[in-house]
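Hello,

Here is the structure I promised to pass on. Please open it first, then read my notes below.

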Amino acid sequence: MAESKSLRKPVFTKVDQLRPGTSGHTLTVKVVSKKMVLQKGRADGPQVRQMRIAECLVGDETGMIIFTARNEQVDLMKEGATVTLRNAKIDMFKGSMRLAVDKWGRVEVDEPASFNVKEDNNLSLIEYELVNVVEE
């Protein structure tokens, strides 16, 4: 076990390349807006656990998508901030795509990016339908 394992360089994805049911995306986006959708506390023994969920509209120069921020991620998502989402996945919610980062991923605040968000290509407004294909 003397050989050192080198880490792979992340392959950055653009928003317009995201597809339903995919995961493992690394992308740098700007936060366009943030809306709290759930905030509740739960008495769980000696400490009170907060559960917070916010829907944040994020994007890059190719398009926009809604990012579902949970708990500590909510604090990092400030309007106008540039963030890097590592190991992000696409969740489907009511037929539309949502970007999410679970416990296997990471949200990092980054240096302000030089790109402008393309606001006329919102991927979360596209409605998808699951179609079963029967092979004969």
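Thr68 stands opposite Ala100, a residue of strand E5. Keep in mind that this is a predicted model. E5 covers residues 96-100, and strand E3 covers 63-70. The two strands, E3 and E5, pair in the parallel sense. Three bridges join them. E3 is largely enclosed by the rest of the structure, because seven of its eight residues are buried.

Now the overall layout. The protein chain has six strands and one helix. From the N terminus on, the order is β-β-β-α-β-β-β. There are 136 residues in the protein chain, and 35% of them are buried. Take the contacts between residues at least 6 apart in sequence: 61% of these join residues at least 24 apart. The protein chain exposes about 9,600 Å². Carbon and sulfur atoms supply 50% of that area.

Next, the interior. Nonpolar side chains tend to be buried together in soluble globular proteins. Here the largest nonpolar core has 22 residues. Which of them touch the most other members? They are Leu18, Val58, Ile65, Phe67, Met77, Leu85 and Leu99. Strands E1, E2, E3, E4 and E5 each supply at least two residues of this core. E4 gives the largest share, with four residues. Another core lies apart from this one. That core has five residues, including Leu57, Met64, Phe115 and Val117.

Leu18 deserves a look of its own. Leaving out residues up to four places away in sequence, Leu18 touches Thr13, His25, Leu27, Ile65, Ile90, Met97, Leu99 and Leu123.

His25 is on that list. Where does His25 sit? It is in strand E1, residues 23-44. Is His25 buried or exposed? It is buried: its relative accessible area is 9%, and the cut-off for buried is under 20%. Beyond its neighbours within four places in sequence, His25 is in contact with Thr13, Leu18, Leu85, Arg86, Asn87, Ala88 and Ile90. Thr13 and Leu18 therefore appear again, this time with a run from Leu85 to Ala88.

Last, the rings. The count of aromatic pairs comes to zero. Phe115 does have a charged partner, though: Lys30 lies over the face of its ring. The distance from the ring centre is 5.4 Å. Phe115 is also one of the five residues in the second core described above.

Best wishes

How values were computed:
Residues numbered from 1 in each chain as written. Predicted model: local features only at pLDDT ≥ 70, side-chain atom pairs only at ≥ 80, totals over all residues. Heavy atoms only, no water. Buried < 20%, exposed > 50% of the residue type's maximum accessible area, 1.4 Å probe, protein only. Contact = heavy atoms within 4.5 Å. Core = buried A, V, L, I, M, F, W, Y, C linked by side-chain atoms within 4.5 Å. Phe/Tyr/Trp six-rings, centres within 6.5 Å; stacked < 30°, edge-to-face > 60°. Lys NZ or Arg CZ within 6 Å of the ring centre and 35° of its normal. Pairing = 2+ DSSP bridges. Areas by Shrake-Rupley, 256 points an atom, 1.4 Å probe, with all protein chains shown as cover.
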